[in-house]
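Student: I should like to learn how descriptive terms are justified from a model. May we work through some examples?

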Amino acid sequence: MSSEMCPPFAPFFGFAGVASAMIFSTVGAAFGTSKSGIAIAGLGSFRPELIMKSLVPVVMSGIIAVYGLVVSVLIAGGLSPNDYPLSSGFIHLGAGLSCGLTGLAAGYAIGLVGDACVRAYVYENRVFVSMVLILIFAEVLGLYGLIVALLMNTRVTGVTC
């Protein structure tokens, strides 16, 4: 049924939200993993016994991608090609962008911090605690986007054509 409230192109915006959440958060996770992984490879040639503790940034980057996956699945579950209001499409797009762009920022921060701190960890073991604390604060950026996306997604349920 096509009407002013439910145009046929409305699901496009919902699917754009799904894509935004998945793509941007995965790009952030990939950046964080690659930057940290390069530093870990360098650390491994000098102090191989520190490799396992240095994997913290890589694990935290992977969590960012999981945030995007969760939001994408939830948004996709609320999509339907029929009777899908334009307002729901915009809300889903906003939710996807919220999760995806904060995931991108968090992955970027984790990558930079992971790279610098793992390189410093080769020379000074006390850097580890501060590295973990900074990584937690960087991870929280992505968590905030996940929470906002979940809140936005709950607002879609009451809207009908």
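Student: Why is aspartate 83 called partly exposed?

Tutor: This is a predicted model. The relative accessibility of aspartate 83 is 45%. Buried means under 20% and exposed means over 50%, with partly exposed in between, so aspartate 83 counts as partly exposed. Aspartate 83 is located in the loop between helix 2 (56–77) and helix 3 (86–121).

Student: What is notable about the phi of aspartate 83?

Tutor: The phi of aspartate 83 is near 55 degrees, which is positive although the residue is not glycine. Most residues other than glycine have a negative phi.

Student: How do you know whether alanine 39 is buried or exposed?

Tutor: Alanine 39 has 2% relative accessibility. The cut-off for buried is under 20%, and therefore alanine 39 counts as buried. Alanine 39 belongs to helix 1 (residues 10–46). Beyond its neighbours within four places in sequence, alanine 39 contacts Gly114, Asp115, Val118 and Arg119.

Student: How do you know that the span of helix 2 agrees with what it should be?

Tutor: Helix 2 has 22 residues and, at 1.5 Å a residue, should span 32 Å. Its end C-alpha atoms are 32 Å apart, so the two values agree.

Student: What puts the buried residues of helix 2 on the same side?

Tutor: The buried residues of helix 2 include Pro57, Met60, Ile64 and Val71. The buried residues cover an arc of only 155 degrees around the axis, and therefore lie on the same side of helix 2. Their cover includes helix 1, helix 3 and helix 4 (127–154). The face turned away from the buried side of helix 2 carries the exposed residues Val59, Val73 and Gly77.

How values were computed
Residues are numbered from 1 along each chain as its sequence is written. This is a predicted model: local features need pLDDT of at least 70, side-chain atom pairs count only at pLDDT 80 or more; totals for chains, interfaces and linings use all residues. Side-chain values use heavy atoms; hydrogens and water are left out. Helices (H or I, at least four residues) and strands (E, at least two) are DSSP runs, numbered from the N terminus. Buried means under 20% relative accessible area, exposed over 50%, partly exposed in between (1.4 Å probe, protein chains only). Contact means heavy atoms within 4.5 Å. The expected span of a helix is 1.5 Å times one less than its number of residues. The arc is that of the directions from the helix axis to the C-beta atoms.
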